[in-house]
Amino acid sequence: IPYQGSRESAQKKIMAVIDEMPRTKVLKDKENYIHVTFTTRIMRYVDDVEFYLPADDKLIHFRSASRLGYSDMGKNRERMNTVKEKFAKQ
């Protein structure tokens with residue numbers, strides 16, 4: 001996810017997006033790294049999402065992975081697209 005401004009402001013902005021989303025739990029929020037879990041509404045599957053903000057570029061790298069199963073019917077992709085859209089609007 002590209003951003004303008006400082007890394008610190010981008011990290012605060014991505015945290016604001018995460019805080020608005022349902023069924024989330026922040027496990028780590030460090031200088032340039034965030035680890036969050038999202039729990040699906042119906043089946044209660046837990047997805048691990050990691051955000052990394054390197055100092056040398058203006059990008060937020062992210063990785064989203066289900067803890068169980070082989071298919072989530074596109075829920076991870078949909079969620080991360082929502083995160084990107086909300087981040088761009090803030």
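Biologist: Which residue takes a positive phi in the hairpin of strand 2 and strand 3?

Modeller: First, some ground rules: this is a predicted model, in which local features need pLDDT of at least 70, side-chain atom pairs count only at pLDDT 80 or more, and totals for chains, interfaces and linings use all residues. Residues are numbered from 1 along each chain as its sequence is written, and side-chain values use heavy atoms, with hydrogens and water left out. Helices (H or I, at least four residues) and strands (E, at least two) are DSSP runs, numbered from the N terminus. The hairpin you ask about has six residues between its strands, and the residue with a positive phi, near 65°, is R44.

Biologist: How many bridges pair strand 2 with strand 3?

Modeller: Two strands pair if DSSP finds at least two bridges between them. Here T37 stands opposite D48 in strand 3. The pairing of strand 2 and strand 3 is antiparallel, and its bridges number seven.

Biologist: Strand 1 and strand 2 form a hairpin too, so how many residues lie between them?

Modeller: Strand 1 (24-29) packs with helix 1 and strand 2 is residues 33-39. The two strands run antiparallel, joined by five bridges, and D29 stands opposite I34 in strand 2. Between the strands of this hairpin, the number of residues is three.

Biologist: Which residue of strand 4 does F51 stand opposite?

Modeller: Strand 3 (46-52) and strand 4 (61-66) have a loop between them. They run antiparallel and six bridges join them. Opposite F51, in strand 4, stands F62.

Biologist: Now the helices: why do we say that the buried residues of helix 2 line one face, and what arc do they fall within?

Modeller: Buried means under 20% relative accessible area, exposed over 50%, and partly exposed in between (1.4 Å probe, protein chains only). In helix 2, N76, R79, M80, V83 and F87 are buried; seen down the axis (the arc uses directions from the axis to the C-beta atoms), these residues line one face because of how narrowly they are spread. On the other side of helix 2, R77, A88 and K89 are exposed. The arc for the buried residues is 95°.

Biologist: What span should the 15 residues of helix 2 have?

Modeller: The expected span of a helix is 1.5 Å times one less than its number of residues. The end C-alpha atoms of helix 2 are 21 Å apart. That agrees with the expected span, because 15 residues at 1.5 Å a residue should cover 21 Å.

Biologist: And helix 1: within what arc do its buried residues fall?

Modeller: The buried residues of helix 1 (7-20) are R7, A10, Q11, I14, M15, V17 and I18. They line one face of the helix, because, seen down the axis, they stay within a limited arc. On the other side, K12 and D19 are exposed. The arc is 155°.

Biologist: Which element gives the most residues to the largest nonpolar core?

Modeller: A nonpolar core is a set of buried Ala, Val, Leu, Ile, Met, Phe, Trp, Tyr and Cys residues joined through side-chain atoms within 4.5 Å. The largest one has 18 residues, and those with the most contacts inside it include I14, F51 and V83. Helix 1, strand 2, strand 3 and helix 2 each give two or more residues. With five residues, the biggest giver is helix 1.

Biologist: With which side chain does the side chain of R79 make a polar contact?

Modeller: R79 is in helix 2 (residues 75-89), and it counts as buried because its relative accessibility is 8%. A polar contact is a pair of N or O atoms within 3.5 Å; within protein, one must be able to donate a hydrogen and the other to accept it, and residues adjacent in sequence count only if both atoms are side-chain atoms. For R79 the distance is 2.9 Å, and the partner is D47.

Biologist: Is D47 buried or exposed?

Modeller: D47 sits in strand 3, and its side chain also makes a polar contact with the side chain of S66, at 3.0 Å. Contact in general means heavy atoms within 4.5 Å; beyond four places in sequence, D47 touches residues including V36, F38, N76 and R79. Because its relative accessibility is 1%, D47 counts as buried.
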